[in-house]
Amino acid sequence: MKTRIGILGIGGVGGYFGGLLGKAYAESDAIEIIFIARGNTQNTIAQNGLKISTDTTESNVFPNLVSNDPAEIGTLDVLICATKTYDIENSLMSIKDCITSDTIILPLYNGVDGTERIQTLFPENTILKACVYIVSMITSPGNIKKIGSYEKLFFGSKTVPISKLEGLQSIFKNAKIESYLVENIEETIWEKFIFISALASATSYLNQNIGGILNNPTNKELYISLLKEISAVALAKGINLPNDIVAQTLIKLEKSPQDNTSSMHRDVLAGNTTEVKSLTEYVVVEGLKCGVLTPKYEQILMKLT
């Protein structure tokens, strides 16, 4: 019996990591990779493969199947979810017939509440927790561009048997995905969320890239204020963070390419639906619940909604 792995959301994250899996297991008798896509993305991949470009390489990947028809897709052993956070419920319900109680679901979203939202939809399923660090984006349907060499996938669970987690880790490692099985995954996800939430909120509000934040004292001060506010919310929620989380996150940003920006800022510029609800509003709402003031987040939320 083949292990059937579905990739839901063939964007910057799902397309890149799904592409590595598709390439590694194209001829496998044990693992089958299915891209779940529709419209131009589905048609382009079916005809020409998924094109993945990096700073130094270019490749075309043909998955075992690309489809959005649940009857054609069939039931899945593993489902990797990498849509935008605003599409979590709709995307999953569109393929609910592919998900059995034994399907392991791995969410790769920007927010921190993805696992809980999926668990509400599928209470009997194993829902892992995960986050990724990567700069990648769709340049056109079926075409993914990854910038820089940094790419890491962290995942884990406090309730899932270690044998299941190690089995998935082995699949990732064999596909040359730099993945880490993390015991304290909640803290790892929040460390990433602090970084991406403050960055997405600041870049979108200021209409600036990373360099425009770091090299302007006023913009940098706003970014640091956001880091302090979201860190205070995390601590109030009982998340165990490093004492120097603000300094660590600032160093992380300083190491990022200065001409890069956040995916939410790119969506704002393109006039697309944004993830402001998950990346900005969530912090304001949780702050209110915990009694933590978030004036800068509130200021940004008012402008972006």
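## Exercises on a predicted model

**Exercise 1.** Which residues of helix 11 are buried, and where does the chain go just after that helix?

*Solution.* Start with the helix itself: in helix 11, which covers residues 263-270, the buried residues are Ser263, Met264, His265 and Asp267. Keep in mind that this is a predicted model. Next, look for the partners. The buried residues of helix 11 pack against helix 7 (185-206), helix 12 (276-290) and helix 13 (295-304). Finally, step past the end of the helix: glycine 271, just after helix 11, takes a positive phi of about 75 degrees.

**Exercise 2.** Work out what kind of aromatic pair tryptophan 190 and phenylalanine 193 form.

*Solution.* Begin with the count, which comes to 8 aromatic pairs. For tryptophan 190 and phenylalanine 193, the ring centres are 5.3 Å apart and the planes stand at 90 degrees, so this pair is edge-to-face. Now place the two residues: both lie in helix 7, 3 residues apart, about one turn of the helix. A general point helps here: an α-helix has 3.6 residues a turn, so residues three or four places apart point the same way. Then check accessibility. Tryptophan 190 has a relative accessible area of 2% and phenylalanine 193 has 1%; the cut-off for buried is under 20%, so tryptophan 190 is buried, and so is phenylalanine 193.

**Exercise 3.** Follow phenylalanine 193 to its pair with tyrosine 282, and say which parts the pair ties together.

*Solution.* First, the geometry: the ring centres of phenylalanine 193 and tyrosine 282 are 5.9 Å apart and their planes are at 80 degrees, so this pair is edge-to-face. Second, the positions: phenylalanine 193 belongs to helix 7 and tyrosine 282 to helix 12, so the pair ties together parts 89 residues apart in sequence. Third, the surroundings: both phenylalanine 193 and tyrosine 282 are buried.

**Exercise 4.** Which residues have the most contacts inside the largest nonpolar core, and which element gives the most to this core?

*Solution.* The largest nonpolar core has 42 residues, and Trp190, Phe193 and Tyr223 have the most contacts inside it. Several elements each supply at least two residues of this core, among them strand 9 (129-140), helix 9 (217-236) and helix 10 (245-254). Helix 7 gives the most, with 12 residues. To see one member's neighbours, turn to tryptophan 190: leaving out residues up to four places away in sequence, tryptophan 190 touches Val112, Ile230, Ala234, Lys237, Ile239, Leu241 and Tyr282.

**Exercise 5.** Find the aromatic cluster that includes Tyr133, and the lysines whose charged ends sit over tyrosine rings.

*Solution.* Tyr133, Tyr150, Phe154 and Tyr180 make up one aromatic cluster. The ring of tyrosine 133 has the charged end of lysine 192 over it, 5.6 Å from the ring centre. Likewise, the charged end of lysine 303 sits over the ring of tyrosine 205, 4.8 Å from its centre.

**Exercise 6.** Compare the radius of gyration of the protein chain with that of a compact globule.

*Solution.* For 305 residues, a compact globule would have a radius of gyration near 19 Å; the protein chain has 19 Å, so the two agree. The C-alpha trace spans about 55 × 40 × 30 Å along its principal axes. Buried residues make up 54% of the 305 residues. Of the contacts with a separation of 6 or more, 71% join residues 24 or more positions apart. To round off the inventory, the protein chain has 13 helices and 11 strands.

Terms used
Residues are numbered from 1 along each chain as its sequence is written. This is a predicted model: local features need pLDDT of at least 70, side-chain atom pairs count only at pLDDT 80 or more; totals for chains, interfaces and linings use all residues. Side-chain values use heavy atoms; hydrogens and water are left out. Buried means under 20% relative accessible area, exposed over 50%, partly exposed in between (1.4 Å probe, protein chains only). Helices (H or I, at least four residues) and strands (E, at least two) are DSSP runs, numbered from the N terminus. Contact means heavy atoms within 4.5 Å. Rings of Phe, Tyr and Trp (its six-membered ring) pair if their centres lie within 6.5 Å; planes under 30 degrees apart count as stacked, over 60 as edge-to-face and the rest as tilted. A charge sits over a ring if NZ of Lys or CZ of Arg is within 6 Å of the ring centre and within 35 degrees of the ring normal. A nonpolar core is a set of buried Ala, Val, Leu, Ile, Met, Phe, Trp, Tyr and Cys residues joined through side-chain atoms within 4.5 Å. The radius of gyration is taken over C-alpha atoms; the globule rule is 2.2 Å times the number of residues to the power 0.38.
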